Each structure stands twice: as structure tokens, then as C-alpha cells.
Amino acid sequence: MEPVTETFESRKKHVCVKGEGLSIPVCDKASLPGTVTQRTCVYGGARIVLMPITDSIHLVHGPIGCAACTWDIRGSKTSREDIYKKGCSTNLQEKDIIFGGEKKLFETIIELNKLYKPGAIFVYATCVAGIIGDDIRAVCKKSEEITGCRVIPVQSEGFQNHNKTKGHWIGGDALLDYVIGTKEPEETTPFDINIVGEFNVAGDLWGIKPLLEEMGVNIISTLTGDSHVDEIAQAHRAKLNIVQCQKSSNYVAQKMEKKYGIPFIKVNFFGLEQTVASLRDIADFFGDEEMIERTERIIESGLKEVAHKIEEYKKRLTGKTVALYVGGNKAWSLVRPFEELGMDVMMSGTKNGIREDYEMIKEAVRDGTIIVDDANSAELTRLLKEHRPNLLISGAKEKYISLKLGIPFCDFNHDRITAFAGFRGFVSFAKEVDASVSSPVFELTSKSLRGD
Ligand code: SF4
């Protein structure tokens, strides 16, 4: 079979076309050395799961670079404290590598607690901390006894695995082992839920929460967007977990089901159809007639509000093509919203996908769609040049590849500043996509790149 694009022999099966033999690319393998992969490490995977807990200090035990390259990595918004945005590191130096960094870690925790009185201090292990063998658990335990503040070890040494997904699980384990189940709610209701895997990027949570509250559910906690650690501590009393980012958070939901008997359902608040289906699934789960009626009224007014607002965008976007190169969950959950705008997803890919992620992508896309795993810059450039989509949806690392090729670009990762979730979020999404795709500047750059 002909390779989809020109690349190294060992990379050829990481790119495939749905419906043409191999519909799931080879994935979840260590990146090929020298190809300048854009992946994040295990520590980065743990940090993006925990970072949105806003009343906590996130202390990186390692050289300064580990903290610097992940500062504000999530783009999560807060409605309350903002101490989660402090960039805290033990800044390990040569002397610490030789004599050990535990004393420095202990002193840093004591000082941070004095300075900020946080809800918790999460201490992240990095590669260097793992190599020199610092006992982070012991230091956390001792400092917790002295300060009275929760000090939570996150055993996230970056080298543990080639896939940052393991970091998501380690972040989840830190919550399961040290936070969830450690506080009882003052009161409970029959409709208590947790929103799991919603990180409030650009304020997405604020497009979802009002809909849920209007339905009549009681949100105990969000894991972890715009949350406080004490709220997550009460999460074990929920009657239902709804899981938004299934890539990062199915793991926690499955473990909570096993440990506390809390069932979970997968939801998705990107796009109209998926928002409607998610609201109905939650109402159906509780089976409360009044809630079901309220939900239908919310859906009716939400759809009515949005319908005429997206018409203009839809006219211009219909028939345009889009390539997705995003985090696992978005690689399948954005397919339908683009179809709702009349657009065609011609490629979908992710950097850290595991087989389950590619099964989901395969289900979501049409036959003939290119599916790509861990594309390096050269491969992505080649695919974009060969297929010239009308839009690339990706993150900061791919932005300039796209713009230099004269291909419109939208950030759907952590650097975006507009919320896209829920009914109103879909209007903002359509507006932003249209602003990029219909911008005259790309017509000019395309001509100049073609040499017209
Ligand atoms: S934990 Fe390791 S791989 Fe991750 S940023 Fe630090 S040094 Fe790099």
C-alpha cells in the first residue's frame, strides 16, 4: 500500500486513511529520535490535569526549565483565587543534584505555605528529582504535619513513559489518594454531580454550569477547572460523574466508580447536537420528570437563541475543509461541530493518542479522512502542503507552520481566549472559525505562495 505522505520507513504506518486498509494508525510508541516530536512529558501530563485547582500552589521539584516551560500551561480561568498561576519551582542546581534536594524542597514548602496559605501544595516530581532519588512522599508528609496544609506528592517524573497520558493518570491518582473522600459535604441532594475533565480553558465551564444549574443538578465539584481543593475532597458523595475530556479523565471516573460506586456518563458540550445530547443524557440518568421537562425548555430556548446567529457564518463556511491536530478528546469531539457549520474534516490527528483514542476518531470521521499520530513538523508541513485545508485547528506549536503556509489557523488548545462550550460558546466558535477562514489576508498569502 502506498504511504499517505513521504516520511521515514518506521513512521509510514503512523499516518493512514480511514477506509483504506489501515484505519487506525500505529500509535502509542516512543517518538523517532531526531524527528523533533512536539510531545509533552509525563510531568506535563500530570500538571495540566491538576493546574486548574485555583486555590493551590503547584510546586515543581526540579530544574527551573520544567516549571518555566509549563507555566500557565492550561489557560484555565478562575472566578476566585489566582495563586495557581504562581510559577513555583525548587530550581534544583548542581549542588542539589550531588547532595540531594529534599532539604530545599522542605524549606520551599514551609515558605510557600507562610506566604500564600494555600488550600493545598501539589509537589511535582520531575526527571531530575527522580534520578537523584529524592523521597518526595516523605518530605510532603513531614511538611504537612508541620504546616497543617495539604501537601500532595505527584510522582510524575517526566521520563516514566513516552506518552503524557500516563501523566494524566498520575495526576488523577494524586486526587484519588490524597484528596477525594477526605471531607464530607454539609448537605447532599439526590441530584449531586461532579463535572470531571472540564478544565475551564478560556472559561468553557462558565458556558456549561448555568445550563446544569438551571436543570436542577447540584455541582459538588469540578475536576478540576475553577475548583478549590476542599470541593474536590467532597466529590465522593456525588450520585453521578459527567466526563467531558474523556482522554484525560475517563481514568478518574472509572476509579471513582470502582471505589465509591459513582456511575459516570460521557458528555460533550462542544457543538449543538452534542450539547443537546449531553443535557438529555444527564436528565435521563436522574429520570426526574420535572428535570426532564426543564431540560427540554433549556434546549428549546438555547437552540432558538443560536440558530439565526450562526446562519451568516454557515453560509461562508459551508463546503470548506478543516484539518484537526489537537489533544485526543478534541480530535473526535470537534468533528460533529464542524459538520454542523457545513465544513468537512479531511484530517484528524493527535500527538499522544492511544488505541482507544484512535478508535473514537475512526468512529467520528468519514471514509477518506487522513488520521495521523505524533506527526512531526516536517510531516505536518507536507500534509498541509499536499492537501491545503481551508483551516488548521491546533495549538501554539503548529500555529506558525500553518500561517507560513498561508493556511488559516485557529487555536483550540490552551492559548485560546474565547470559550466555545455550550449554546453561546458555539456561536463564538462559529464566529472565530469564520474570522480565520474568511479573512482576505489568506487569499493574498495563498496567491503569493503560488507565485500568482
Ligand atoms: S520532567 Fe523531564 S522531560 Fe519533563 S520538562 Fe522536566 S526535564 Fe523535561
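This is a short tour of a predicted model, from the whole chain down to single residues.

**Whole chain.** Start with everything shown. The protein chain holds 19 helices and 14 strands. Along the principal axes, its C-alpha atoms fill a box of roughly 70 × 60 × 40 Å. The radius of gyration is 23 Å, which agrees with the value near 22 Å for a compact globule of 452 residues. Of those 452 residues, 52% count as buried. Take the contacts with a separation of 6 or more: 72% of them join residues 24 or more positions apart.

**Domains.** Colour by domain next. Domain 1 comes in two pieces, 9-28 and 318-416. Domain 2 runs over 42-178, and domain 3 over 192-300. Now select domain 1 and domain 3. Their C-alpha centres are 27 Å apart. The contact between them takes 11 residues from domain 1 and 11 residues from domain 3. On the domain 1 side, zoom in on helix H13 (328-333) and helix H14 (335-340); these are the elements that give two or more residues to that side. Which classes make up this side of domain 1? Two residues are nonpolar, five are polar and four are charged.

**Ligand.** Centre on the ligand. Select Cys41, Tyr43, Gly62, Cys66, Cys69, Thr126, Cys127 and Gly158, which surround the ligand. Colour this shell by class. Five of its residues are nonpolar, three are polar and none is charged.

**Core.** Hide the ligand and look for the nonpolar interior. In soluble globular proteins, nonpolar side chains tend to be buried together. Here the largest nonpolar core has 127 residues. Select Leu59, Ile121, Phe122, Val123, Ile152, Val154 and Leu324, the members that touch the most other members. Then pick Ile121 alone. What does Ile121 contact beyond its neighbours within four places in sequence? The partners are Ser56, Ile57, Leu59, Ile109, Leu112, Asn113, Cys149 and Val151. Leu59 is thus a contact of Ile121 and also one of the core members listed above.

**Val427.** Finish at Val427, in helix H18 (residues 422-437). Is Val427 buried or partly exposed? Val427 is partly exposed, because 18 other C-beta atoms lie within 10 Å, whereas a buried residue needs 20 or more. Add Val306, Lys309 and Ile310 to the selection; Val427 touches these three, leaving out residues up to four places away in sequence. For a last distance, draw a line from Val427 to Gly133. The two are 294 residues apart in sequence, and their C-alpha atoms are 51 Å apart in space.

Technical notes:
Residues numbered from 1 in each chain as written. Predicted model: local features only at pLDDT ≥ 70, side-chain atom pairs only at ≥ 80, totals over all residues. Near = placed C-beta within 6 Å. Nonpolar A, V, L, I, M, F, W, Y, C, P; charged D, E, K, R; others polar. Core = buried A, V, L, I, M, F, W, Y, C linked by C-beta atoms within 7 Å. Buried ≥ 20, exposed ≤ 12 C-beta atoms within 10 Å, placed from the backbone. Contact = placed C-beta atoms within 7 Å. Domains from an automatic or database assignment. Helix = DSSP H or I, 4+ residues; strand = E, 2+ residues; numbered from the N terminus. Rg over C-alpha atoms; globule rule 2.2 N^0.38 Å.
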